[in-house]
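Open your viewer and get a selection tool ready. We will go from one stop to the next, picking residues and looking at what surrounds them.

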Amino acid sequence: MPYGAAALEPHIDARTMSLHHGAHHAEYVAQLNAAVELFPELEGRSAAWLLLNPGKVPEEARAAVRVSAGGHVNHSLFWRAMSPNAPSEPTGRLAEAIGRDFGGYEAFKSRFEEEGLGIVGSGWIWLVRSQQNGGRLRVVTTAGHDNPLVQGHFPLLLNDAWEHAYYLGHENRRGEYLKDWWAVVDWNEVARRFLASDHTARNRWAAEGEILLEVA
Ligand code: MN
């Protein structure tokens with residue numbers, strides 16, 4: 001994580017951050033290493049590559065790789081999408097795109113929260129740039145640790161709707177967590193991802209996703 005476990009308090013408590021990063025995320029990394037270590041042909045491949053090329057992962061390891069590589073990539077994106085010192089709202093071209101595609105920042109936030117509340121079980125909520133519709137922004141959800149890049153949607157922002165992300169601080173109140181979370185979103189990082197997607201031909205998002213997102 002690019003900051004300490006207590007850095008996002010009071011919005012996200014230190015114990016949640018510490019367990020989330022040091023136990024949950026760490027476990028996905030350990031599971032991924034265990035899943036690929038029997039297959040020398042996968043040596044040196046990044047987690048994002050493994051997610052984007054399931055057909056090149058031996059079938060015996062495919063299910064475990066999907067969950068653990070997704071867990072690693074999503075959490076890596078998640079930590080860097082938050083900051084204790086970030087602009088509280090999107091600005092510039094990103095703000096314009098949010099206005100165009102959602103009708104404004106407040107409308108976008110409501111939409112994102114609604115989608116997050118609608119997830120049954122565990123999953124993630126995303127702001128993505130869609131490969132369809134001329135690169136419009138969309139809010140989508142994924143189950144488990146699936147990543148929308150696999151469907152050709154470039155991820156800009158994500159929130160973790162697994163109970164482990166909020167249960168200690170917010171107990172069963174996912175809606176409250178989703179609202180509190182806006183205070184720690186790093187809109188500079190979201191703008192960086194927006195720009196990265198802009199400068200790349202859309203049909204190459206998937207192929208270059210790991211580079212654009214800087215996830216090893
Ligand atoms: Mn998580």
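## Where the two domains meet

Colour domain 1 and domain 2 separately: together they bury about 1,700 Å² between them, with 59% of that area on carbon and sulfur atoms. Keep in mind on this tour that the model is predicted. To set the colours, use 14–80 for domain 1 and 92–208 for domain 2, as the domain assignment has it. Taken over C-alpha atoms, the centres of domain 1 and domain 2 are separated by 20 Å.

Now show L52, N74 and F78 as sticks. In domain 1 these residues lose the most area to domain 2, and together they make up 33% of what that side buries. If you select everything in contact across the boundary, you should pick up 18 residues of domain 1 and 23 residues of domain 2.

Next, look for charges at this interface. How many salt bridges does the rule find between domain 1 and domain 2? It finds 1. For another stop, select R66 and D146: they form a salt bridge, and their closest N and O atoms are 2.7 Å apart. Polar contacts across the interface of domain 1 and domain 2 come to 10 residue pairs, both residues at pLDDT 80 or more. On the domain 1 side, α1, α2 (47–52) and α3 each supply at least two residues that touch domain 2. Helix α3 gives the most to that side, with 10 residues.

## The manganese ion

Centre the view on the manganese ion and show the side chains around it. Its protein donors are H20 (NE2), H75 (NE2), D160 (OD) and H164 (NE2), at 1.9 to 2.1 Å from the ion. Along the chain, the donors follow the spacing H-x54-H-x84-D-x3-H. Pick out H20 and H75: H20 sits in helix α1 (residues 14–36) and H75 in helix α3 (residues 59–80), so this pair, 55 residues apart, links distant parts of the chain. Are these two histidines buried or exposed? Both H20 and H75 are buried.

## A walk through the salt bridges

By the rule used here, the model has 10 salt bridges. Start with D101 and R136, whose closest N and O atoms are 2.9 Å apart. D101 belongs to helix α4 (residues 92–102), while R136 lies in the loop between β1 (123–129) and β2 (137–143), 35 residues apart, and the pair links distant parts of the chain. D101 is buried, at 18% relative accessible area, whereas R136 is partly exposed at 37%.

Move on to helix α5 (residues 105–117) and select K109 and E106. Their side chains meet in a salt bridge at 3.5 Å, N to O. These two residues are 3 apart in the helix, which means about one helical turn separates them. K109 is buried, with 16% relative accessible area, and E106 is exposed, with 51%.

Stay with helix α5 and add K179 to the view. K179 forms a salt bridge with E113, and the closest N and O atoms are 2.8 Å apart. This pair also links distant parts of the chain, with K179 in helix α7 (residues 174–181) and E113 in helix α5, 66 residues apart. K179 counts as exposed at 54% relative accessibility, and E113 as buried at 12%.

For the last stop, select R100, D101 and R136 together: salt bridges with shared partners join them into one network.

Note on methods: Residues are numbered from 1 along each chain as its sequence is written. This is a predicted model: local features need pLDDT of at least 70, side-chain atom pairs count only at pLDDT 80 or more; totals for chains, interfaces and linings use all residues. Side-chain values use heavy atoms; hydrogens and water are left out. Donors are N, O and S atoms within 2.8 Å of the metal (3.2 Å for Na, K and Ca); water is not among the atoms, so sites may look incomplete. Helices (H or I, at least four residues) and strands (E, at least two) are DSSP runs, numbered from the N terminus. Buried means under 20% relative accessible area, exposed over 50%, partly exposed in between (1.4 Å probe, protein chains only). Domain bounds come from an automatic or database domain assignment. Contact means heavy atoms within 4.5 Å. Buried area is the accessible area (1.4 Å probe) that two parts lose on being put together, summed over both. A salt bridge is a side-chain nitrogen of Lys or Arg within 4 Å of a carboxyl oxygen of Asp or Glu. A polar contact is a pair of N or O atoms within 3.5 Å; within protein, one must be able to donate a hydrogen and the other to accept it, and residues adjacent in sequence count only if both atoms are side-chain atoms.
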